[in-house]
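Okay, thanks everyone, I'll keep this short. Let me put the sequence and the structure up, and then we'll walk through it together.

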Amino acid sequence: MAKTSPGAFVRQVRQEASKVTWPSRKETMVASMMVFIMVGISAVFFFAVDQVLALGVRYILGLGG
């Protein structure tokens, strides 16, 4: 693998960065909202699973009423 000078490296990085297509503000907002919605759904799901498993453990160990 050939070594590159720091100047050539910076030029290559700038050249590659110019090829990046950044999302628009609307696309970023929609993607962020989808992430928050999925996090909320996941939190509710794992909370419910945790409660069911805790109930099962309490029943098995005879700690629950």
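So, how many helices and how many strands are there in the protein? Two helices and zero strands. And before we go on, please keep in mind that this is a predicted model.

Now, the overall shape. Taken along the principal axes, the C-alpha atoms fill a box of roughly 70 × 35 × 15 Å. The radius of gyration is 25 Å, whereas a compact globule of 65 residues would come out near 11 Å. What about burial? Buried residues are just 2% of the 65 in the protein. The accessible surface adds up to about 6400 Å², and carbon and sulfur atoms own 71% of that.

Which brings me to a bit of that surface. There's a nonpolar patch of about 710 Å², and the residues making it are V30, M33, M34, F36, I37, M38 and I41. Let's pick out M38, which sits in helix α2, the one running over residues 25-61. Is M38 buried, or partly exposed? Partly exposed, because its relative accessible area is 46%, and the partly exposed class lies between the 20% and 50% cut-offs.

Okay, charges. How many salt bridges does the structure hold? One. That's the side chains of E16 and K19, with 3.2 Å from N to O. The two partners land in separate classes, by the way: E16 has 47% relative accessibility, so we call it partly exposed, while K19 has 55% and therefore counts as exposed.

That's my tour, happy to go back to any part of it.

Technical notes. Residues numbered from 1 in each chain as written. Predicted model: local features only at pLDDT ≥ 70, side-chain atom pairs only at ≥ 80, totals over all residues. Heavy atoms only, no water. Patch = residues over 30% accessible without salt bridge, like charges linked within 9 Å, V, L, I, M, F, W, Y side chains within 5 Å. Areas by Shrake-Rupley, 256 points an atom, 1.4 Å probe, with all protein chains shown as cover. Salt bridge = Lys/Arg side-chain N within 4 Å of Asp/Glu carboxyl O. Helix = DSSP H or I, 4+ residues; strand = E, 2+ residues; numbered from the N terminus. Buried < 20%, exposed > 50% of the residue type's maximum accessible area, 1.4 Å probe, protein only. Rg over C-alpha atoms; globule rule 2.2 N^0.38 Å.
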